[in-house]
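Welcome! Here are some short exercises to work through with the structure open beside you. Try each task on your own before you read its solution.

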Amino acid sequence: MLVLGTRPEAIKLAPVARAMAASPLFEPIVVSTGQHREMLQQMLELLRVPASVELDVMRDRQELSKLTARLVDGLGDVVRAERPDVVIVQGDTTTALTGALAAFYEHIPVAHVEAGLRTGVLDNPFPEELNRRLIGRTARWHFAPTSRAAGHLKAEGVPDAEVFVTGNTVIDNLLWVLQEGTGRDHFSTGLRRVLVTLHRRENQGDKMRAMGTALRRLADRGDVEIVLPLHKSPAVREALLPELTGHAHIHVVEPLDYVDFSATLAGCDLVMTDSGGIQEEAPSLGKPALVLRTTTERPEAVEAGAARLVGTEPQVILDAAMHLLDDAAAYERMAKAGNPFGDGHATDRIVAQLAEDFGADADATPAPRPLVVTQPDGPGSYSTA
Ligand code: UD1
Ligand code: UDP
C-alpha cells in the first residue's frame, strides 16, 4: 500500500507505483488521502498513478491537529480493511506520518522512502523535522537517498540491515518526464530567467512578505523575468500576492503540472526556493539554487556547490541573486557542480529490496546496479545560524 497526499509525495512515489504495477510480484494499492486537493489530483493524472482509495481530508486552512486526527482515523480504516503486506510512505508530510502510524497500529511493516533527512532542529522545518524522526521510529525499511541520510539513521540506532542507500526517486521521475519532452516552458521573454517557489509554514507571514519585497526589487533590475508558480495555500497567497502582482517582469501563475514545471526549470537561469524537491531537481539540470530557508535537510547540494543556503533576510537574498546574475564565474561554478541525489535508479533498488525481503525468486528480479556515492558520509545538522 502506497500512501500519498501531497504534490511531492505523488511525484516521488509515482515511479515506485508504476514499477510495482508492472511487476508480477506486487499488487500496489495507492491510497490518496487528498491532503492536497487540486495539486495532488493534477499530479496523479499526469503521472499515471490511479488511486484505489481516496480520503478527501482537505479542508481550507485546516489546523495540523485536525488534519492529523482525520488522517489517522481514515487511514486506520483503510489499512484494517486492506491488510497490505507493507505500507510505503514517503518523506515528511502529515500524510506520511499518519500512514506510518496507522500501519504500526495494525502491526503492518512500514517502508520509508526518502528516509534519514535531518536538519537537527526539531521545529525547522515545521512540522516536517519531527515527522521524519517519528516515521523513522516506525519503519522496518529505511530507503535513504544518500549515504549522509543513512548515517543519520545509523547514528540514531537503526540497525544497518534496515537501512538502504538508494538515491532519490525524484531523479527517476525527472528523467522520465524530461524524456517524454512534452512540457511547456512558462518564461516568455528573452530576459534572464528566475524561477521562484515559496510555501514553507515557518516562512509564512512577515518573513514571506519581506521575501516578496526582495523579489520585487530583483525584478526592478529590468533585465530579469521572474516566474512564480504559486502554491495553493491561502497563507502563501496572502503573503505574496500583494507584493508581487502588477509588476511587468513578475509572472505569478497557478501551480504548474509537473511536465510544464520541469520544462520551466530546465529553461530557467536561476532558482530561488524553499521547496525540498526543487533543491534536488535543480542540480540535476545544472541550475544554481538559492535556498530561501535558515536550515536544510539536503546539505549535499550545498556541499557539492550546486545550492546556497541564503536564509530569509530580504537584503541577503537580494544580494545573493544579484551576485549570481552578475558574476559569470560564480554562476558557472554552481551550474557545473552536479547532482548528489542519485542516478535515476532509486526505484529499482527499492522494489528489488522489497522483493528480496518478501522472498521473491532472485532470478525474477534483476539486481539493480550499485549506487555510486558522490558525497562524503557524516551526520550533522546544517543551518545558516
Ligand atoms: C504540505 C506539507 C509540506 C510539503 C508541502 C508540499 C505537511 C505538514 N506539510 O504543506 O511538508 O512541503 O505540502 O507542497 O504535511 N491547499 C489547497 N489546495 C491544494 C493544496 C493545499 O487549497 O491542492 C490549501 C488548503 O487550504 C490547505 C493549505 O493549502 O489547508 C495547506 O495545505 P497543507 O497540506 O496543510 O500544508 P502545505 O503547506 O501544503
Ligand atoms: N512542482 C510542480 N509544479 C509547481 C511547483 C513544483 O510540479 O508549480 C514540483 C517540483 O518539480 C517538485 C515538487 O513539486 O518535484 C516540489 O513540491 P513542493 O515544493 O510543493 O514540496 P516540497 O518538495 O517542499 O515538500
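UniProt, in an unreviewed entry, places the feature "domain: UDP-N-acetylglucosamine 2-epimerase" at residues 19-354. Keep in mind as you work that this is a predicted model.

**Exercise 1. The annotated stretch**

Task: For residues 19-354, find the percentages of helix and strand, and how far apart the end C-alpha atoms are.

Solution:
- Step 1. Start with the secondary structure: over residues 19-354 the chain is 46% helix and 14% strand.
- Step 2. Now go to the two ends of this stretch, where the C-alpha atoms are 12 Å apart.

**Exercise 2. Two domains and their contact**

Task: Which residues belong to domain 1 and which to domain 2, and which elements of domain 1 give two or more residues to the side that touches domain 2?

Solution:
- Step 1. Split the chain. The domain assignment gives domain 1 as 2-168 + 342-364, while domain 2 covers 185-335. Notice that domain 1 is written as two segments.
- Step 2. Place the domains in space: their C-alpha centres lie 27 Å apart.
- Step 3. Look at the contact, which takes 20 residues from domain 1 and 18 residues from domain 2.
- Step 4. On the domain 1 side, the elements that give two or more residues are α1 (7-21) and α2 (38-46). Of these, α2 gives the most, with 5 residues.
- Step 5. Sort that side of domain 1 by class: 10 residues are nonpolar, 5 are polar and 5 are charged.

**Exercise 3. The surroundings of ligand 1**

Task: Why can we say that ligand 1 lies between the two domains?

Solution:
- Step 1. Collect the residues around ligand 1. There are 24 of them, and H36, M39, T93, K232 and S233 come nearest.
- Step 2. Ask which domains take part. Domain 1 and domain 2 both give residues to this shell, so ligand 1 lies between them.
- Step 3. Look for helices you have already met: α1 and α2 each supply at least two residues of the shell around ligand 1.
- Step 4. Sort the shell by class, and you get 6 nonpolar, 9 polar and 9 charged residues.

**Exercise 4. The surroundings of ligand 2**

Task: Which element gives the most residues to the shell around ligand 2, and how do the residues of that shell divide by class?

Solution:
- Step 1. Begin with the neighbours: 16 residues surround ligand 2, and the closest are P229, F261, S275, G276 and G277.
- Step 2. Check the helices. At least two residues of the shell come from each of α1, α10 (258-267) and α11 (276-284), and α11 gives the most, with 4 residues.
- Step 3. Check the domains: the shell draws at least three residues from each of domain 1 and domain 2.
- Step 4. Divide the shell by class into 9 nonpolar, 5 polar and 2 charged residues.

**Exercise 5. Following β-α-β units**

Task: Which helix lies in the β-α-β unit with β9 and β10, and through which helix does the chain cross from β5 to β6?

Solution:
- Step 1. Take β9 (residues 224-229) and β10 (residues 250-253). These strands run parallel and are joined by 4 bridges, with L228 standing opposite V252 in β10. Together with helix α9 (residues 234-244), they make a right-handed β-α-β unit.
- Step 2. Move to β5, which runs parallel to β6 (residues 141-144) and is joined to that strand by 3 bridges. Here A111 has W141 as its bridge partner. The chain crosses from β5 through α5 to β6, in a right-handed crossover.
- Step 3. Continue to β7 (residues 163-165), which is parallel to β6 and joined to that strand by 3 bridges. F143 is partnered by F164 in β7. With helix α6 (residues 147-155), β6 and β7 make a right-handed β-α-β unit.

**Exercise 6. Unusual backbone spots**

Task: Where are P125, P127 and D56 placed in the chain, and what marks out the backbone there?

Solution:
- Step 1. Recall the background: most residues other than glycine have a negative phi, and most peptide bonds are trans.
- Step 2. Inspect the prolines. The peptide bond from N124 to P125 is cis, with omega near 0°, and the bond from F126 to P127 is cis too.
- Step 3. Locate them: P125 is in the loop between β5 (110-113) and α5 (128-138), and P127 lies in the loop between β5 and α5 as well.
- Step 4. Finish with D56, which has a positive phi of about 55° although it is not a glycine. D56 sits in the loop between β3 (53-54) and α3 (64-82).

How values were computed:
Residues are numbered from 1 along each chain as its sequence is written. Chains are lettered from A and ligands numbered from 1 in the order in which they are written. This is a predicted model: local features need pLDDT of at least 70, side-chain atom pairs count only at pLDDT 80 or more; totals for chains, interfaces and linings use all residues. Domain bounds come from an automatic or database domain assignment. Two residues are in contact if their C-beta atoms, placed from the backbone, lie within 7 Å. Ala, Val, Leu, Ile, Met, Phe, Trp, Tyr, Cys and Pro count as nonpolar, Asp, Glu, Lys and Arg as charged, and the others, Gly among them, as polar. A residue is near a molecule or strand if its C-beta atom, placed from the backbone, lies within 6 Å of it. UniProt positions are given in the numbering used here, feature names are shortened, and annotations may be inferred rather than shown by experiment. Two strands pair if DSSP finds at least two bridges between them. A crossover is right-handed if, with the strands pointing away from the viewer, the path from the first strand over the helix to the second runs clockwise.
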